[in-house]
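Subject: Structure for your review, with notes on one helix and the salt bridges

Dear colleague,

I am handing over the structure below, together with some notes on what was found in it. Please read the notes with the coordinates open beside you.

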Amino acid sequence: MNERIRKLIEQATTKREFYPEGCNGYPKYRYDFDQEKFAELIVRECADIVKETRWMVPPSQEQIARSIKQHFGVES
C-alpha cells in the first residue's frame, strides 16, 4: 500500500477514547474507520488529479487512467 492511500485511511479514521469498567481510570482507545468518507476522499482526489493536470492536448481515457494510477502508486 502506498503512502498516499495510508494518509487517506488516516483521514477517514477517528480515534475514540473510552474508559471501560475496571481500567483503573486509564483510557482505552477505539479506532473507527469510515468507509464512506474514505471513498469520498478517493473520488475527490481523482477528480482533482484530472482537473489540475496540465494536458498538452485533450487527454484520452487511457492517459487519465494512467495519471490516477501513478498518483496512487497502483501498477497496471
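A residue is called buried when its relative accessible area is under 20%, exposed when that area is over 50%, and partly exposed in between. Arg-6, with a relative accessible area of 38%, is therefore partly exposed, and Glu-3, at 44% relative accessibility, also counts as partly exposed. Please keep in mind throughout that this is a predicted model.

The side chains of these two residues, Arg-6 and Glu-3, meet in a salt bridge with an N to O distance of 3.7 Å, and both residues lie in helix 1, three residues apart, which is about one turn of the helix. This pair is one of six salt bridges that the structure holds.

Another of the bridges joins two strands: the side chains of Arg-16 and Asp-32 meet at 2.5 Å, N to O. Arg-16 lies in strand 1 (residues 13-18) and Asp-32 in strand 2, so the pair ties together parts that are 16 residues apart in sequence. Arg-16 counts as partly exposed, at 43% relative accessibility.

Within helix 2, Arg-44 forms a salt bridge with Glu-40, the closest N and O atoms being 3.0 Å apart, and the two residues, both in this helix, are four residues apart, about one turn. Arg-44 is exposed, with a relative accessible area of 52%, whereas Glu-40 is partly exposed, with a relative accessible area of 40%. Turning back to the strands, salt bridges that share partners join Arg-16, Arg-30 and Asp-32 into one network.

Helix 2 itself deserves a few more words. It runs over residues 35-52, has 18 residues, and reaches 26 Å from its first C-alpha to its last, close to the 26 Å expected at 1.5 Å a residue. At its N-terminal end, Asp-34 acts as a cap, with a side-chain oxygen that lies 3.1 Å from the backbone nitrogen of Glu-36.

Which residues of helix 2 are buried? They are Phe-38, Leu-41, Glu-45, Cys-46 and Ile-49, and because they cover an arc of only 130° around the axis, they sit on the same side of helix 2. What covers these buried residues includes helix 1 (3-11), strand 2 (28-33) and helix 3 (61-72). The face of helix 2 turned away from its buried side carries the exposed residues Glu-36, Val-43, Arg-44 and Lys-51.

With best regards

How values were computed:
Residues are numbered from 1 along each chain as its sequence is written. This is a predicted model: local features need pLDDT of at least 70, side-chain atom pairs count only at pLDDT 80 or more; totals for chains, interfaces and linings use all residues. Side-chain values use heavy atoms; hydrogens and water are left out. The expected span of a helix is 1.5 Å times one less than its number of residues. Buried means under 20% relative accessible area, exposed over 50%, partly exposed in between (1.4 Å probe, protein chains only). The arc is that of the directions from the helix axis to the C-beta atoms. Contact means heavy atoms within 4.5 Å. A polar contact is a pair of N or O atoms within 3.5 Å; within protein, one must be able to donate a hydrogen and the other to accept it, and residues adjacent in sequence count only if both atoms are side-chain atoms. A salt bridge is a side-chain nitrogen of Lys or Arg within 4 Å of a carboxyl oxygen of Asp or Glu.
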